[in-house]
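Please open the model in your viewer with the sequence alongside, and keep a selection tool at hand. The tour goes from one selection to the next, with a short account of what is there at each stop.

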Amino acid sequence: HQLNTITVTARRKSMFVNTSSAFRTATITSKELMKAACCNLSESFETNPSVDVSYSDAVTGSKQIQLLGLSGNYTQLTVENLPGPRGIATPLGLNSIAGPWIESIQLSKGTGSVVNGFESIAGQINVELKKPENTDRLYANGYVNSMGRSDLNLNLSQQIGSKWSTGLLLHDNFLYSKPDFNKDGFRDLPTGNLFSAINRWKYDDSKGWMVQFGIKVLADDRTGGEIAYNKEDKFSTDHYGMGIKTNRYEGFAKVGYVFPEKKYKSIGLQLSAFDHKQDAYFGLTPYDAEQTNFYSNLIFQSIIGNTSHKYRTGLSFSADRYHELYQTQVFKRNEVVPGAFFEYTYTMNEKFNVVGGIRADHNNLYGWFATPRLNLRYEPVAGTTIRASGGRGQRTANIFSENMGGLVSARTI
């Protein structure tokens, strides 16, 4: 007898937790993002009970996330394990990543891995963008709502030969209708235009070498305040208004090699740099800021004896240059932080594993500091997982950008 063709299909949940990892990492897939008409990263968490997203103030339209009861300043935000919107970009950074670009989001609570740095305190959010080698060749998306907000998205990808692939991601968001539903004379949301784009390339020779690189561009121009306010009224007392103009240019690269005969051994180099410039004013108060960043991370991974004992070690380097102008006062800061890290993973069996890591960094402003972290996982009964994590995190506060809502009021700072 000859049987007919049998097709076996499987479906993964739209959001799931990796039960075999010592880190409690919840993965939000693109299927989960489709449940809400999300247009950027901040709106991608509307259906997720683990993350609270709220407006810090209605004038600027900036949103902040809360994880474990702490504000988003204490959550490390990365894009494909490279630094995401941070520093000056923190208040409006969630709005700059378009929803149709996102392939998945990894959400980790508590102290994460020391490999990704020392800034994770409440948790880490890592965003994976759509890859050119396995995404749609053409994807167009449009969105319009009752407030007059419109979004246009275009994703393009192309395979070039057997080793190269490239992708182009475009996003344009605009709102000009000046909504005022409560009739108080002020716009409910800032109006203006946001345009962002990513062009990325990938090389894979299927023999161990893999290279990725690309550029990102962001241009955002927003105006808020009274309905009657126009840009010609800037720094006048006729009408209250505010404006935020942002230009950001970013480049990134990843180079990795997996030893063909020893798949457990690999070495990788991560590089990124950006220039973020913001010109803003709130009524009669100007606030201009610029941040330049360079980041590099060298990671080596292997085993000790057998695959039950794994380790990752490497060197990192981060440099930030800040230049802020608040009214007539200038605030400058240069931070240079080289560091080294070591992380050990022990897997006894399918029920128990532990990840311990430590890193040492030197900040040119604050000196040496150590970051120890420990994550445990135990599964006494199938389907029941007990995790524990502990560790330390450290970050430098950016007073003005993290409290931009306070600049809207008439408070004396």
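Begin with Y257, which is buried, because its relative accessible area is 19% and the cut-off for buried is under 20%. As you look at this residue, bear in mind that the model is a predicted one. Add F259 to the selection, and you will find that Y257 and F259 form an edge-to-face aromatic pair, with 5.2 Å from centre to centre and 75 degrees between the planes. F259, with a relative accessible area of 29%, is partly exposed.

Staying with Y257, select I267, its bridge partner in strand 16. If you then show both strands in full, strand 15 (residues 241-258) and strand 16 (residues 266-282) can be followed as an antiparallel pair over 17 bridges. Strand 15 also pairs with strand 14, again in the antiparallel sense and over 17 bridges; to see one of the opposed positions, select V217 together with Y249, its bridge partner in strand 15.

Strand 14 leads to the next stop. The whole structure holds 14 aromatic pairs, one of which is made by W164 and F213, whose ring centres are 6.3 Å apart and whose planes stand at 75 degrees, so that this pair is edge-to-face. Because W164 belongs to strand 12 (residues 164-175) and F213 to strand 14 (residues 209-225), the pair ties together parts that are 49 residues apart in sequence. W164 is partly exposed, at a relative accessible area of 33%, and F213 is likewise partly exposed, at 33%. Extend the selection to W201 and Y203, and you have one aromatic cluster made up of W164, W201, Y203 and F213.

Now move to another part of the chain and display the open sheet of six strands, whose order is 1-2-8-9-6-7 and whose pairing is mixed. Its edge strands, each pairing on one side only, are strand 1 (15-17) and strand 7 (82-83). Within the sheet, strand 2 (residues 25-29) runs antiparallel to strand 8 and is joined to it by five bridges; select A26 to find L107 of strand 8 standing opposite.

Which residues have the most contacts inside the largest nonpolar core? That core has 22 residues, and the ones to select are L41, F45, I102, I105, I125, V127 and L129. Two or more residues of this core come from each of strand 4 (63-67), strand 6 (75-79), strand 8 (102-109) and strand 9 (123-129). Centre the view on I105 and, leaving aside neighbours within four places in sequence, look for its contacts with A26, T27, I28, L33, L41, S44, F45, I125 and N126. Apart from the largest core lies another, of 14 residues, which includes L92, M242, L407 and V408.

For the last stops, turn to the charged side chains. Select R12 with F16, where the charged end of R12 sits over the ring, 4.3 Å from the centre. Then select R395 with Y74: here the charged end of R395 sits over the ring of Y74, 5.0 Å from its centre. The side chain of R395 also makes a polar contact, at 2.3 Å, with the side chain of E402, a residue found in the loop between strand 22 (384-391) and helix 2 (404-408). Not counting residues up to four places away in sequence, E402 touches N73, R395, T396 and A397.

Conventions
Residues are numbered from 1 along each chain as its sequence is written. This is a predicted model: local features need pLDDT of at least 70, side-chain atom pairs count only at pLDDT 80 or more; totals for chains, interfaces and linings use all residues. Side-chain values use heavy atoms; hydrogens and water are left out. A nonpolar core is a set of buried Ala, Val, Leu, Ile, Met, Phe, Trp, Tyr and Cys residues joined through side-chain atoms within 4.5 Å. Buried means under 20% relative accessible area, exposed over 50%, partly exposed in between (1.4 Å probe, protein chains only). Helices (H or I, at least four residues) and strands (E, at least two) are DSSP runs, numbered from the N terminus. Contact means heavy atoms within 4.5 Å. Two strands pair if DSSP finds at least two bridges between them. Rings of Phe, Tyr and Trp (its six-membered ring) pair if their centres lie within 6.5 Å; planes under 30 degrees apart count as stacked, over 60 as edge-to-face and the rest as tilted. A charge sits over a ring if NZ of Lys or CZ of Arg is within 6 Å of the ring centre and within 35 degrees of the ring normal. A polar contact is a pair of N or O atoms within 3.5 Å; within protein, one must be able to donate a hydrogen and the other to accept it, and residues adjacent in sequence count only if both atoms are side-chain atoms.
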